[in-house]
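Let's take a walk through this model together, one helix at a time. Keep the structure open beside the text and turn it as you read.

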Amino acid sequence: MGKGSFISPEQRSGIRARVEPIALAMHRAGLTPNMLTLIGFGIASLGGVLAAFELWVLAGIVATAGAGFDMFDGAVARATGQVSKLGAFMDSTFDRWGEGIVYLGIVIGSTRAGFDVGAWLATAALVSAFMVSYTRAKSESLGFSSGTGMAAIGLAPREVRTVILGIAVVVAGIFGVTSEWSDPGSLILAIGLGLIAVLATVTVIQRIRFVTSQPPNPQND
């Protein structure tokens, strides 16, 4: 594992290699990296709306599919030589936006179901998840890490959070989310959201420790 991450750089490379043929097919169909970014955002947003209406199983499947498009836009950009700062900005911005809408949908859906604990845990997971992304972006902007190095640091990068959330929401939907946290569906959703909140918080701490262990740089003071 890369610096405490559940996903190693080698595993990331393997996933990218398997995704590339699909990405090239999308490119041949006329889809650009930015178009795929926007499609992924739209799908993730739909997942959030479905969660808000308590359509949990569909929400989990759709939100996970939307997050999966994060692989395709970058793969198309790399395979076709369209990598750019604008594309990276669009990708990061809409990924975070879509992720936030999914968690917001879970907050609304939990509230509608009378499951306040779910709403609280979804909010905690959202804050921690966003801090994971922020620590990476800020460290890279200040020169503490470069490329995808920071992505390999920490237990719960986005891929891990996406899998946990998708499984938790789908399984919770199968059993049904109610106002009682001890009911199977509610308990599973609470465990999934709580796990994300904890693992994401640990990831933030790991990334802070990584940055503070770097040699002093006067330009960063």
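A good place to begin is Arg158, a residue of helix α6; helices here are DSSP runs of H or I with at least four residues, and they are numbered from the N terminus. This is a predicted model, in which local features need pLDDT of at least 70 and side-chain atom pairs count only at pLDDT 80 or more, while totals for chains, interfaces and linings use all residues. Residues are numbered from 1 along each chain as its sequence is written, and side-chain values use heavy atoms, leaving out hydrogens and water.

Is Arg158 buried or exposed? Arg158 counts as buried because its relative accessibility is 15%; buried means under 20% relative accessible area, exposed over 50%, and partly exposed in between, with a 1.4 Å probe and protein chains only. Setting aside neighbours within four places in sequence, Arg158 is in contact (heavy atoms within 4.5 Å) with Ala67, Asp70, Asp95, Arg96 and Glu99.

Now look along the rest of α6. Its 18 residues should span 26 Å at 1.5 Å a residue, and the end C-alpha atoms are indeed 26 Å apart; the expected span is 1.5 Å times one less than the number of residues. Besides Arg158, the buried residues of α6 include Val160, Arg161, Thr162, Ile164 and Leu165. Their cover includes α3, α4, α5 and α7. After α6 comes Gly176, with a positive phi near 95 degrees.

How do α6 and α7 pack? Helix α6 (residues 158–175) and helix α7 (residues 184–212) meet at an angle of about 170 degrees, and their axes are 7 Å apart. Axes are lines fitted to C-alpha atoms, for helices over the stretch in contact, and angles run from 0 to 180 degrees between N-to-C directions. The two helices are therefore roughly antiparallel, a label for angles over 145 degrees. Among the residues making this contact are Ile164, Leu165 and Ala168 of α6 and Ile188, Leu189 and Gly192 of α7. By class, the contact has 15 nonpolar, 2 polar and 1 charged residues. Here Ala, Val, Leu, Ile, Met, Phe, Trp, Tyr, Cys and Pro count as nonpolar, Asp, Glu, Lys and Arg as charged, and the others, Gly among them, as polar.

Next, step into the interior. The largest nonpolar core has 30 residues, and Ile106, Leu165 and Leu189 have the most contacts inside it; such a core is a set of buried Ala, Val, Leu, Ile, Met, Phe, Trp, Tyr and Cys residues joined through side-chain atoms within 4.5 Å. Two or more residues of this core come from each of α2, α3, α4, α5, α6 and α7, and α7 gives the largest share, 6 residues. Not counting residues up to four places away in sequence, Ile106 touches Ala51, Trp56, Ala122, Leu165, Val169 and Leu193.

Ala122 leads us to α5, where it is one of the buried residues. The 26 residues of α5 reach 37 Å from first C-alpha to last, close to the 38 Å expected at 1.5 Å a residue. Its buried residues pack against α4, α6 and α7.

Finish at the loop between α2 and α3, where you will find Glu54. Most residues other than glycine have a negative phi. Glu54, however, has a positive phi, near 65 degrees. With a relative accessible area of 28%, Glu54 is partly exposed.

How values were computed:
Angles under 35 degrees count as roughly parallel, over 145 as roughly antiparallel, 65 to 115 as roughly perpendicular and the rest as oblique.
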